[in-house]
Amino acid sequence: MRRPLTTLTLACALALSACATETLPPPPKADPAVVVNKAYETADALIDQLPPELRAGPVLFATFVDVDALDRSTTLGRTLTEQVANRFVQRGFVVTELKLRTAVFVKRDTGELMLAREVDQIAREHDARIVVAGTYSPAKEAVYLSAKAIDPATGQVLAAKDTIVPMDNNVKSLLR
């Protein structure tokens, strides 16, 4: 009598554990355009906040960096920087390409990093009225992007935009 009871108990436990198995949703389908769209959305928001008198004159871009390691970036950070800069050009801004200059600290596999003490000097050399910089924070389901347009002479933030980039396999691959 004891053996059938043990067998019945075990069978019930297995049946209940099968019911309790959580089915995870499939990962979101990768949208190849999401990074470009979010970069353009960010650029447009920054541009729309800028005073008209600051729209003439070169804009400089510092590579968007990991918020937890400000001296490090990834392919995602460099790509977002390029796309935001491209959108500024499309909207009529003069953008100085710093990769062609030697006056900026360029770290291999990172991009153009502007050290705070050098921003004013670099901006003066290029007659820049605006420096755009940003950080990103990777999380489980999204990457949080924070971008700012800054007056290099005063350090005053002229425009700011926070953007959420949904995490998918495409975005994950850019974080490596």
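Is Phe88 buried or exposed? At 0% relative accessibility, Phe88 counts as buried. The close-ups below come from a predicted model, and they start with this residue's surroundings.

**View 1. Phe61 and Phe88 make an aromatic pair.** Searching the whole structure turns up 2 aromatic pairs. In this one, the ring centres of Phe61 and Phe88 sit 5.3 Å apart and the planes are at 80 degrees, so the pair is edge-to-face. Phe61 belongs to strand E1 and Phe88 to helix H3, so the pair ties together parts that are 27 residues apart in sequence. Phe61 is buried too, with a relative accessible area of 5%. Add Phe93, and ring pairs link Phe61, Phe88 and Phe93 into a cluster.

**View 2. Strand E1 has side chains pointing two ways.** In a regular strand, side chains alternate between the two faces of the sheet. Here, Pro58 and Leu60 point one way, while Val59 and Phe61 point the other, and all are buried.

**View 3. Strand E1 pairs with E3 and with E6.** E1 (residues 58–61) runs parallel to E3 (residues 94–95), joined by 2 bridges. Look for Pro58 here: its bridge partner in E3 is Val94. With E6 (residues 130–138), E1 also pairs in the parallel sense, this time over 3 bridges. Leu60 stands opposite Val131 of E6.

**View 4. Thr74 sits in a loop and meets Tyr136.** The loop lies between strand E2 (65–66) and helix H3 (75–90). Thr74 counts as buried, at 12% relative accessibility. Its side chain makes a polar contact of 3.0 Å with the side chain of Tyr136. Neighbours within four places in sequence aside, Thr74 is in contact with Tyr136, Leu174, Leu175 and Arg176.

Definitions and conventions:
Residues are numbered from 1 along each chain as its sequence is written. This is a predicted model: local features need pLDDT of at least 70, side-chain atom pairs count only at pLDDT 80 or more; totals for chains, interfaces and linings use all residues. Side-chain values use heavy atoms; hydrogens and water are left out. Buried means under 20% relative accessible area, exposed over 50%, partly exposed in between (1.4 Å probe, protein chains only). Helices (H or I, at least four residues) and strands (E, at least two) are DSSP runs, numbered from the N terminus. Two strands pair if DSSP finds at least two bridges between them. A polar contact is a pair of N or O atoms within 3.5 Å; within protein, one must be able to donate a hydrogen and the other to accept it, and residues adjacent in sequence count only if both atoms are side-chain atoms. Contact means heavy atoms within 4.5 Å. Rings of Phe, Tyr and Trp (its six-membered ring) pair if their centres lie within 6.5 Å; planes under 30 degrees apart count as stacked, over 60 as edge-to-face and the rest as tilted.
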